Amino acid sequence: TTISVGNLKMAAEEKALAPGARKIDAGSIAKPFRENIRKQVQELKDAGIEAPLLVGLLANTDPAARKYAEWTGKACTNDGIRYELRTIDDPIDVEAALRDANDDPRVHGIIVYYPIFGQVESFSGEGQDDYLRDTVSYKCDVEGLCHEYRSNLYRNIRYVDFPTNTKKCVLPCTALSVVKILESVPSCYDETKPISRRMEGKTVTIINRSEIVGRPLAAMLSNDGADVYSIDIDSIYLFRGGRLHKCEGETPESCVRKSSIVITGVPTKSYRLPSAWIQKGTTVVNVASFKNVDEDEILQIEGVQYVPMVGKVTVAMLERNL
């Protein structure tokens, strides 16, 4: 039997893993969602209905934002969804472009690639990006970040049409991608329990409290019953039972050591989570565009389930929200 060098290398890498440790490909988790999306789009076309149109607004040179826009375009093309990227030279013109898209009956969904202004002072307030997020109509918001959806998320309201409850709220697509990843990992979610209790008894640490990823994700996992430690540069909070608790005496290390799920989203190349903090059997999800962990080291920890990137699932959730 002929064994290729590539197969030998792969076998050596697998052999090097600690017992039960596993590196999980997000693409395999995204695949069934995208297959279902393609099926639904084809059904629309068969019925003589045009595929939905997603409009992306890009007004920055951020490499991660541009990569996300590229991934979105490729995925939509592959799945039969119409996608139109509108590049805007001057950020001050984004609001006008956004309102045009809101009012255009041909547009079914809008995604804005942040950051645009960051937290720079503007005429409309301290956080112009936050203002733009709230300018997206909830009818077109595929990111789940407008005021309507954020307000419902933080109050654990899951439908927009109470009391009939036939239309679910759109959830932030990156945070939702992490939830879908955790649902696919044995022992993270208990599907035998009712909704809102499937993470009871779990402790989670999220190293990121941005309004796009960390905060909504902490709320979502807390709404599912988990105790969630939310770590930012200068503070640690516990999300528990719909309330926010300031943590005194806790450190990033103490939080990570007591957690069976650790999610990293630090947007800097230099940050590394110390591998010694991670316990056996922990699920580690890297949300950042940079690797926040030493992959080789954590895969030497028994039972660790490691997801190095979430982008493919995020794009699938974006399409699903359309």
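Two strands count as paired if DSSP finds at least two bridges between them, while helices (H or I, at least four residues) and strands (E, at least two) are DSSP runs numbered from the N terminus. The exercises below use a predicted model, in which local features need pLDDT of at least 70, side-chain atom pairs count only at pLDDT 80 or more, and totals for chains, interfaces and linings use all residues. Residues are numbered from 1 along each chain as its sequence is written, and side-chain values use heavy atoms, with hydrogens and water left out.

## Exercise 1: the three-stranded sheet

Work out how strand β2 is joined to β4, and then place both in their sheet.

Step 1. Start with β2 (residues 53-58), which runs parallel to β4 and is joined to it by five bridges. Leucine 58 stands opposite tyrosine 113 in β4.

Step 2. Now add the third strand: the open sheet has the order β3-β2-β4, with parallel pairing. Because β3 (82-87) and β4 (109-113) stand at the edges with a single partner strand each, one side of each has no neighbour in the sheet.

Step 3. Look along the strands: on average, neighbours in this sheet are turned by 20° against each other, direction ignored. Helix α4 (residues 94-103) packs on the sheet and touches β2, β3 and β4 (contact means heavy atoms within 4.5 Å). The direction of α4 makes about 165° with that of β4, where axes are lines fitted to C-alpha atoms, for helices over the stretch in contact, and angles run from 0 to 180 degrees between N-to-C directions.

## Exercise 2: strand β9 in the eight-stranded sheet

Find the partners of β9 and decide whether its faces are covered or open.

Step 1. Write down the order of the open sheet: β1-β11-β10-β9-β5-β6-β7-β8, with mixed pairing. Its edge strands are β1 (22-23) and β8 (243-246), each pairing on one side only.

Step 2. Take the two partners in turn. Strand β5 (residues 203-207) pairs with β9 in the parallel sense over four bridges, and β10 (residues 283-286) also runs parallel to β9, joined by four bridges. Isoleucine 263 of β9 stands opposite isoleucine 206, and its bridge partner in β10 is valine 285.

Step 3. Check the faces of β9 (residues 261-264): Ile261 and Ile263 on one side and Val262 and Thr264 on the other are all buried, so both faces are covered (buried means under 20% relative accessible area, exposed over 50%, partly exposed in between, with a 1.4 Å probe and protein chains only).

Step 4. For an antiparallel pair, turn to β6 (residues 227-231) and β7 (residues 236-240), joined by four bridges. Here valine 228 has phenylalanine 239 in β7 as its bridge partner.

## Exercise 3: the core and helix α7

Which residues have the most contacts inside the largest nonpolar core, and which helix gives it the largest share?

Step 1. Recall the term: a nonpolar core is a set of buried Ala, Val, Leu, Ile, Met, Phe, Trp, Tyr and Cys residues joined through side-chain atoms within 4.5 Å. The largest has 52 residues, and Leu182, Val204, Leu221 and Ile263 have the most contacts inside it. Its largest share, seven residues, comes from helix α7 (residues 173-184).

Step 2. Follow Leu182 outward: residues it touches include Tyr189, Leu221, Ile263 and Val285, not counting residues up to four places away in sequence.

Step 3. Compare α7 with α8 (residues 214-223): their axes come within 9 Å and cross at roughly 40°. That makes α7 oblique to α8, because angles under 35 degrees count as roughly parallel, over 145 as roughly antiparallel, 65 to 115 as roughly perpendicular and the rest as oblique. Among the residues that meet are Leu176 and Leu182 in α7 and Leu217 and Leu221 in α8.

## Exercise 4: unusual backbone spots

Where are the cis peptide bonds and the serines with positive phi?

Step 1. Keep the background in mind: most residues other than glycine have a negative phi, and most peptide bonds are trans.

Step 2. One cis bond joins tyrosine 114 and proline 115, with omega about 0°; proline 115 is in the loop between β4 and α5 (128-135). Another joins phenylalanine 162 and proline 163, with omega about 10°. Proline 163 lies in the loop between α6 (147-154) and α7, and counts as exposed at 61% relative accessibility.

Step 3. Serine 187 has a positive phi of about 85°, and serine 196 has a positive phi of about 85°. Serine 187 is found in the loop between α7 and β5, as is serine 196. At 31% relative accessibility, serine 196 counts as partly exposed.
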